[in-house]
Amino acid sequence: MHSPNEPDSPVSDSSSDTPPAEDIQGQPILSDDNQYMDVSSFRDMSNTSAGKRRLPIGGSLGLGVNARDSKSRRREEIPTRRIAGGSGSVWLSSDMSNLRSQKEELVDNHLVERLRTADQVQFFLENGYVVIKQGFTKEKAAEWSKAIWVRLDMDPDDKSTWMRERIHMPWHKREPVATFAPKVWSAMEDLLGEDRIDEQASTWGDSFIVNLGTPEFEGDDKHVHPHDLDNWHVDGDFFVHYLDSPEQALLVIPLFSDIKPRGGGTYIAPEGIDLVAKYLVAHPEGVIPVPSKLAPSTTTYADPQDDPDTYAHREAVKKCAKFAEMTGEIGDVVLMHPLMLHSASKNHLREARIIINPPVALRKPFEFNRKDVNDFSLVELKTLKALGVDKLDFKPTTERRRLVPKSMTAKNAMLEEEKRRLALFNE
Ligand SMILES: [Fe+2]
């Protein structure tokens, strides 16, 4: 375990992202014509690159990573653990011109139920995320967040004290995922492969990310199209990125508050996975995160943002037509492909939105050229699908290295302030 007095380790919390880490929860996706995408249609994968190989079967998610080992055999015999579907409430398409009527039309319990009973493996391969309903208890959430307003030095009932739109808080305590949220840990193993996760680098802490919104965007008449959000990025400002990077193997969003539609939930653009993956394939020398962009790690520009070979997230998102707003209940957890493009959103409701954004690291890098296709993890399969190939012999051409996020100094100062307030509060 980390000591609370240590600086927030680069691997301890992805809230040190660039731009400031935002969140993610889960919701279904709309097709281009604003119709709900029936995930049952994804069961026939015969016309996709992933479908050409035998989809692994086994384990609670049916992923069958290392399917022939004893643990997987054991889990095949007890197929009781399932990943639940999205909670469902609102989905946004590229056409936001009639947002209100779309919402009313799409809050449809029948559709929600269809998602919950659908094959989550196929859903992940298509959309790059799954939702674990009630992945941890509301009691644990309440215990961890009980002092959050003291830490924030704000009054939950007086918005005039909400002086910042979004706050990325430091952590005071951590816990292994396996004990804090055992159902989530099992799902992580299903997505990444048993025994492949670095447990020490995959703990959760109380480093909350709070979205309080601003008066400017408060109200029923306020809307922002996903294309116009200014926070699009992929996570991980603490390492040089390669296609196979092990440092952040999933994007994870546990919800510590209920999040309603328009309540500041993260937006995701699943099509962005393909765009980022292709950029990373073209840059085996690695890329570094710079504000709103990725740049070649070997850039010779004094300011990497000036390099014409950068990848700009805000430009990439303009090519995306499908978006999902992440909403849900306390205890829900969204597990996402590590290259998911996502953005903070405006909190039009101004009900405090509270999440964490913990990392998951692998013991070894992703492997896209496994001899036995049944040994691919689901995340690896999704990456290959994004690239339109069945296998890929990818090798970094520079040495892997860690980066020190610029946000670390500010977060350490915030930690000391929080500890001082907590000590006074507890006297
Ligand atoms: Fe993020």
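**Exercise 1.** Which residue just after α4 takes a positive phi? Then describe how α4 is enclosed.

*Solution.* The model is predicted.

Step 1. Gly 128, just after α4, takes a positive phi of about 80°.

Step 2. For burial, the cut-off is 20 or more other C-beta atoms within 10 Å of a residue's own. Seven of the eight residues of α4 are buried, so α4 is largely enclosed by the rest of the structure.

Step 3. The buried residues of α4 are Gln 120, Val 121, Gln 122, Phe 123, Phe 124, Leu 125 and Asn 127.

Step 4. β2 (129-132) and α11 are included in what covers these buried residues of α4.

**Exercise 2.** Characterise the packing of α4 (residues 120-127) on α11 (residues 378-387).

*Solution.*

Step 1. The two axes come within 8 Å and cross at roughly 40°. That makes α4 oblique to α11.

Step 2. The crossing of α4 and α11 is right-handed.

Step 3. On the α4 side, the contact is made by Val 121, Phe 124 and Leu 125; on the α11 side, by Leu 378, Leu 381, Lys 382 and Lys 385.

Step 4. Sorted by class, the contact of α4 with α11 has five nonpolar residues, two charged residues and no polar ones.

**Exercise 3.** Repeat the analysis for α9 (residues 272-281) and α11.

*Solution.*

Step 1. The axes of α9 and α11 come within 8 Å, with a crossing angle of roughly 85°.

Step 2. The range for roughly perpendicular is 65 to 115 degrees. α9 and α11 are therefore roughly perpendicular to each other.

Step 3. From α9, the residues Ile 273, Asp 274, Ala 277, Lys 278 and Val 281 meet Thr 383, Ala 386 and Leu 387 of α11.

Step 4. The contact of α9 with α11 divides into five nonpolar, one polar and two charged residues.

**Exercise 4.** Which residues of α8 (residues 182-192) are buried, and what covers them?

*Solution.*

Step 1. In α8, 10 of the 11 residues are buried, so this helix is largely enclosed by the rest of the structure.

Step 2. The buried residues are Lys 183, Val 184, Trp 185, Ser 186, Ala 187, Met 188, Glu 189, Asp 190, Leu 191 and Leu 192.

Step 3. The cover of the buried residues of α8 includes the strands β2, β5 (197-198), β14 and β17 (361-362), along with the helices α7 (177-180) and α11.

Step 4. Gly 193 follows α8 and has a positive phi, near 105°.

**Exercise 5.** Place β14 (residues 333-336) among its partners and state whether its faces are covered or open.

*Solution.*

Step 1. Both faces of β14 are covered. Val 333 and Leu 335 are buried on one side, Val 334 and Met 336 on the other.

Step 2. β2 runs antiparallel to β14, joined by four bridges. In this pair, Tyr 129 stands opposite Met 336 of β14.

Step 3. β8 also pairs with β14 in the antiparallel sense, over four bridges. The bridge partner of Ile 253 in β14 is Val 334.

**Exercise 6.** Work from β8 to β9 and on to β13. Is Gly 265 buried or exposed?

*Solution.*

Step 1. Gly 265 lies in the loop between β8 (251-254) and β9. Gly 265 counts as buried because it has 31 C-beta neighbours inside 10 Å.

Step 2. Ser 343 is 78 residues from Gly 265 in sequence, yet their C-alpha atoms are 9.0 Å apart in space.

Step 3. β9 (residues 267-269) pairs with β13 in the antiparallel sense over two bridges. Tyr 267 stands opposite Glu 325 in β13.

Step 4. Strand β13 (residues 322-325) is covered on both faces: Lys 322 and Ala 324 are buried on one side, Phe 323 and Glu 325 on the other.

**Exercise 7.** Which strands stand at the edges of the open sheet that contains β11?

*Solution.*

Step 1. The sheet has three strands in the order β10-β11-β12, with antiparallel pairing.

Step 2. β10 (287-290) and β12 (311-312) stand at the edges. Each has a single partner strand, so one side of each is left without a neighbour in the sheet.

Step 3. Four bridges join β10 to β11 (residues 293-296). Among the paired residues, Val 287 has Pro 296 of β11 as its bridge partner.

**Exercise 8.** Summarise the whole chain: how many helices and strands does the protein have, and what share of its residues counts as buried?

*Solution.*

Step 1. The protein has 12 helices and 17 strands.

Step 2. Of its 427 residues, 49% count as buried.

Step 3. Take the contacts between residues at least 6 apart in sequence: 83% of them join residues at least 24 apart.

Technical notes: Residues are numbered from 1 along each chain as its sequence is written. This is a predicted model: local features need pLDDT of at least 70, side-chain atom pairs count only at pLDDT 80 or more; totals for chains, interfaces and linings use all residues. Axes are lines fitted to C-alpha atoms, for helices over the stretch in contact, and angles run from 0 to 180 degrees between N-to-C directions. Angles under 35 degrees count as roughly parallel, over 145 as roughly antiparallel, 65 to 115 as roughly perpendicular and the rest as oblique. A crossing is left-handed if the near helix is turned anticlockwise from the far one by less than a right angle, and right-handed if clockwise. Two residues are in contact if their C-beta atoms, placed from the backbone, lie within 7 Å. Ala, Val, Leu, Ile, Met, Phe, Trp, Tyr, Cys and Pro count as nonpolar, Asp, Glu, Lys and Arg as charged, and the others, Gly among them, as polar. Two strands pair if DSSP finds at least two bridges between them. A residue is buried if 20 or more other C-beta atoms lie within 10 Å of its own, exposed if 12 or fewer, and partly exposed in between; C-beta atoms are placed from the backbone.
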